[in-house]
Amino acid sequence: MHAWPASEVPALPGQGRDLRIHDTATGGPVTLEPGPVARIYVCGITPYDATHMGHAATYNAFDLVQRVWLDTERQVHYVQNVTDVDDPLLERAQRDGVDWVGLAEQETALFREDMTALRMLPPKHYIGAVEAIPGIVPLVERLRDLGAAYELDGDVYFSVESDPHFGTVSGLDAAAMRLLSAERGGDPDRPGKKNPLDPMLWMAAREGEPSWDGGSLGRGRPGWHIECVAIALDHLGMGFDVQGGGSDLAFPHHEMGASHAQVLTGEFPMATAYVHAGMVGLDGEKMSKSRGNLVFVSQLRRDGVDPAAVRLALHSRHYRSDWEWTDGVLQDAVDRLGRWRAAVSRPDGPSAEALVDEIREALADDLDAPAALAAVDRWAARQEADGGTDTGAPGLVSRAVDALLGVAL
Ligand code: 5CA
Ligand code: ZN
């Protein structure tokens, strides 16, 4: 499917920095040194409701990854999926009495608009689960031929024990895995499974649900983890730089996906870094479509909030922390945007080369956007207090904030 339009990324003088980022698998920082083309896969939405601030915060983190890489003159090969067939989507369509295909199209279209408004750089390949099915079927067949998958009443399961590296993404023990598996789409209590954690690769057609030709697997639809693996392997290959998503995807989604890929290819690891954004909450609970405690990007846009202010609000919290969306977070961002716009609208100001360096350094250090904002705040405060004589400075600040933070001043 098509993605959304890219906003221009201005080139900056001086030298960009390599990204050091926290890797869930090792529990520490890794310095990424991709070749001329950096490769990143970020899990996309399940399109049954509008983009909320939690989604936006997660995509914001991975937009920053791209911007740091682009600043080092690398190309970025960015792939994202859309889970356009899965239980939550079918359940919502059923609940609301609407066609699931139409619901997915409508919410995906809204997501594109939200991402465009927020100036998130688009993926090069934006792939739906449904369009990936022809590539998924042979992978499931191969896993079965390798003895890593088995059948249970027509459904096909992946055997987690077939991957010697299973468990190395999340580092969780079996009890914690079992709890999370039950919460996040798994079926650990289904009788007949070899291991309760084994995830489904292919679900045999169910009465009243959509299904596709699965060759030797029979009619059905794909499991969730194999969807992302098929898309990632097809468009990025093994050993890509970053697998990204929110922290709720570390287990089971990214753990299972890595195992699928590792067994399929015999290579390890699937990705150099597994990067996870913290959860955004509202009123003390994780913001989630199923809980319904949501603030939508599209609603803020309708209310006339400047998307640049929304973007600054997202930057104001470190991507790895769990945080609460409040009116105060947004108001602070609106005020900051006003101060920055006033500061760059003057014909001259304090010189800004050092500021560009500070923003680069902050972002290269595990995407420390709050530190980058503080650096710009200091420049804007000096501009307001004393001004300066550098006629290139306001333009340079505005280009740097655009290129590195995705905010148009
Ligand atoms: N389609 C799958 C991934 S393949 C999925 O998880 N879709 S989603 O719509 O539920 O979430 C999309 C992205 O937003 C995921 O990376 C998820 O981890 C992230 N996300 C969901 N809720 C929050 C939240 N409250 N805070 C931060 N990120 C969130
Ligand atoms: Zn995914």
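## Burial and the basis of the model

A residue is called buried here when its relative accessible area is under 20%, computed on protein chains only. By that cut-off, both Cys228 and His253 are buried in this predicted model. Cys228 has a relative accessible area of 5% and therefore falls within the buried class, and Cys43, at 6% relative accessibility, likewise counts as buried.

## The zinc site

These three residues come together at the zinc ion (ligand 2), whose protein donors are Cys43 through SG, Cys228 through SG and His253 through NE2, lying 2.1 to 2.2 Å from the ion. Around the zinc ion (ligand 2) there are four donor atoms, and because the angles they subtend run from 101 to 120°, the arrangement is tetrahedral. For comparison, the ideal angle for four tetrahedral donors at a metal is 109.5 degrees.

Along the sequence, the donor residues of the zinc ion (ligand 2) follow the spacing C-x184-C-x24-H. Cys228 belongs to helix 6 and His253 to helix 7 (residues 250-265), so this pair ties together parts that are 25 residues apart in sequence. As for cysteine pairing elsewhere, the count of disulfides comes to zero.

## The parallel sheet

Five strands form an open sheet with parallel pairing, in the order 5-4-3-10-11. Its edges are strand 5 (125-128) and strand 11 (271-277), each of which pairs on one side only, and the twist from one strand to the next averages 20°. Within this sheet, strand 3 (residues 37-42) and strand 10 (residues 240-246) are paired in the parallel sense over three bridges, and Ile40 has Val242 of strand 10 as its bridge partner.

Helix 6 (residues 224-235), the helix that holds the zinc donor Cys228, packs on this sheet and touches strand 3, strand 4 (75-82), strand 5 and strand 10. The direction of helix 6 makes about 155° with that of strand 4.

## The antiparallel sheet

A further open sheet, of four strands with antiparallel pairing, has the order 6-7-8-9. Strand 6 (149-152) and strand 9 (220-222) stand at the edges with a single partner strand each, so one side of each is left without a neighbour in the sheet. Here, too, the twist averages 20° from one strand to the next.

Strand 7 (residues 155-158) and strand 8 (residues 200-204) run antiparallel and are joined by two bridges, with Val156 standing opposite Trp202 in strand 8. Helix 4 (residues 129-145) lies across strand 6, strand 7, strand 8 and strand 9, and runs at about 110° to strand 8.

Methods:
Residues are numbered from 1 along each chain as its sequence is written. Chains are lettered from A and ligands numbered from 1 in the order in which they are written. This is a predicted model: local features need pLDDT of at least 70, side-chain atom pairs count only at pLDDT 80 or more; totals for chains, interfaces and linings use all residues. Side-chain values use heavy atoms; hydrogens and water are left out. Two strands pair if DSSP finds at least two bridges between them. Axes are lines fitted to C-alpha atoms, for helices over the stretch in contact, and angles run from 0 to 180 degrees between N-to-C directions. Contact means heavy atoms within 4.5 Å. A disulfide is a pair of cysteine sulfur atoms within 2.5 Å. Buried means under 20% relative accessible area, exposed over 50%, partly exposed in between (1.4 Å probe, protein chains only). Donors are N, O and S atoms within 2.8 Å of the metal (3.2 Å for Na, K and Ca); water is not among the atoms, so sites may look incomplete. Four donors count as tetrahedral if all angles lie between 85 and 135 degrees; four count as square planar and six as octahedral if opposite donors are over 155 degrees apart and all others between 65 and 115; anything else is irregular.
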